[in-house]
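The following exercises concern the sequence and model shown below. Each task is followed by a solution that goes step by step.

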Amino acid sequence: MMFFRFSTSSSFSSFSIFPKHHIFLPFKSYTTSFLAQIMPCKLIFRQLFEKESSTYTYLLADSLHPDKPALLIDPVDRTVDRDLALVKELGLKLIYAINTHVHADHVTGSGLIKTKVSGVKSIISKSSNARADLFVEPGDKIYIGDIYLEVRATPGHTLGCITYVTGDGVNQPQPRMAFTGDALLIRGCGRTDFQGGSSDKLYDSVHSQIFTLPKDTLLYPAHDYKGFTVSTVGEEMLYNPRLSKDKETFKNIMQNLNLPYPKMIDIAVPSNMVCGLQETKSDL
């Protein structure tokens with residue numbers, strides 16, 4: 001298991017926000033939900049949209065850390081300048097550009113970001129076999145200040161799909177948040193007919209790695225085509241027209257989608273296998 005942490009000489013204790021003479025009950029007397037209510041919200045979160053591919057990019061940062069370290073999930077090459085402008089406006093320090101998988105419908109902005117902002121590291125799953133600075137596996141944690149994302153393997157749409165889940169603890173965002181890529185969409189899921197996809201694996205991934213999270217966990221997908229922005233685990237368990245069914249019904253649905261060949265796949269996949277930059281002399 002690996003931890004990717006942005007470190008400086010400064011750190012915060014879990015209770016540093018309380019007055020010096022505040023009297024605490026024993027720690028075990030507090031529940032996580034109660035502590036989440038009295039702890040200040042330190043997560044900066046923005047959901048950004050790229051209209052050509054209907055892709056969501058997510059910006060997360062730790063506002064209480066002196067350097068305000070930040071990361072971008074699933075950046076798109078077309079909107080890199082917009083995203084970096086927002087990072088600058090908010091006074092953040094971008095340290096990671098991470099992807100949920102090798103996308104087939106757009107070119108990732110990770111490589112382009114690295115040419116514009118020094119020190120940014122690109123991250124993708126080891127099982128994707130793509131190029132990046134850092135490779136993550138199930139159970140790894142990616143830190144931005146004191147906030148972290150847990151890595152969960154959710155293959156099925158592609159072999160290398162992963163879901164990033166915010167941490168479980170009193171100093172982590174509550175309710176939890178899961179960035180599901182194309183594995184789980186709002187009232188849908190990613191297709192399973194290319195890039196090593198498997199409807200059998202996707203069903204197991206979602207049910208074992210996402211549907212086991214608390215029901216109030218907020219779900220943020222990589223795409224939406226109907227104007228939705230967020231769902232919850234509880235909602236998708238009840239209302240997802242594919243993944244709320246039994247496995248055999250789900251597999252039958254996926255086998256009969258008859259979807260067209262992705263129009264960007266021949267450009268996007270080769271580019272995304274090398275961090276979004278097919279021709280570069282600098283290290284990615």
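## Exercise 1. Unusual backbone geometry

P175 is found in the loop between β10 (162–166) and β11. The model is predicted, so local features are taken at pLDDT of at least 70 and side-chain atom pairs at pLDDT 80 or more, while totals for chains, interfaces and linings use all residues. Residues are numbered from 1 along each chain as its sequence is written, and side-chain values use heavy atoms, leaving out hydrogens and water. Helices (H or I, at least four residues) and strands (E, at least two) are DSSP runs, numbered from the N terminus.

Task: determine whether the peptide bond from Q174 to P175 is cis or trans, and describe the settings of K68 and N129.

Step 1. Omega from Q174 to P175 is near -5°, and the bond is cis.

Step 2. Most residues other than glycine have a negative phi, and most peptide bonds are trans. K68, which is not glycine, has a positive phi near 50°. N129, likewise not glycine, has a positive phi near 60°.

Step 3. K68 belongs to the loop between β3 and β4, and N129 to the loop between β6 (121–125) and β7. Buried means under 20% relative accessible area, exposed over 50%, and partly exposed in between (1.4 Å probe, protein chains only). With 29%, K68 is partly exposed; with 61%, N129 is exposed.

## Exercise 2. Strand β3 and its neighbours

Task: establish how many residues of β3 are buried, and in which sense β3 pairs with β2 and with β4.

Step 1. Strand β3 covers residues 55–62, and eight of its eight residues are buried.

Step 2. In a regular strand the side chains alternate between the two faces of the sheet. In β3, T55, T57, L59 and A61 point one way, Y56, Y58, L60 and D62 point the other way, and all are buried.

Step 3. Two strands pair if DSSP finds at least two bridges between them. Eight bridges join β3 to β2 (residues 43–50) in the antiparallel sense, with L59 of β3 opposite R46. Four bridges join β3 to β4 (residues 69–73), again antiparallel, and L60 has L71 of β4 as its bridge partner.

Step 4. The hairpin of β2 and β3 has four residues between the strands, and S54 in its turn has a positive phi of about 55°. The hairpin of β3 and β4 has six residues between the strands, and K68 lies there with its positive phi.

## Exercise 3. The sheet and helix α2

Task: give the strand order of the open sheet and locate the buried face of α2.

Step 1. The open sheet has six strands in the order β2-β3-β4-β5-β6-β7, with mixed pairing. Its edge strands are β2 and β7 (134–136), each of which pairs on one side only. On average, neighbouring strands are turned by 25° against each other, direction ignored.

Step 2. In α2 (residues 80–89), V80, D83, L84, L86 and V87 are buried. Seen down the axis of α2, these residues fall within an arc of 155° (directions from the helix axis to the C-beta atoms), so they line one face of the helix. The face turned away from the buried side carries the exposed D81, K88 and E89.

Step 3. The cover of the buried residues, by contact (heavy atoms within 4.5 Å), includes β2, β3, β4, β5 (93–98) and α3 (110–116). α2 lies across β2, β3, β4 and β5, running at about 160° to β2. Axes here are lines fitted to C-alpha atoms, for helices over the stretch in contact, and angles run from 0 to 180 degrees between N-to-C directions.

## Exercise 4. Aromatic pairs

Task: count the aromatic pairs and classify that of F179 and Y220.

Step 1. Rings of Phe, Tyr and Trp (its six-membered ring) pair if their centres lie within 6.5 Å; planes under 30 degrees apart count as stacked, over 60 as edge-to-face and the rest as tilted. The count by this rule is 10 aromatic pairs.

Step 2. F179 and Y220 are stacked, at 5.5 Å centre to centre and 20° between the planes. F179 lies in β11 (residues 177–181) and Y220 in β12 (residues 218–221), 41 residues apart. F179 is buried at 1% relative accessibility, as is Y220 at 9%.

Step 3. F179 and Y220 also belong to one aromatic cluster with F45, F49, Y56 and Y58.
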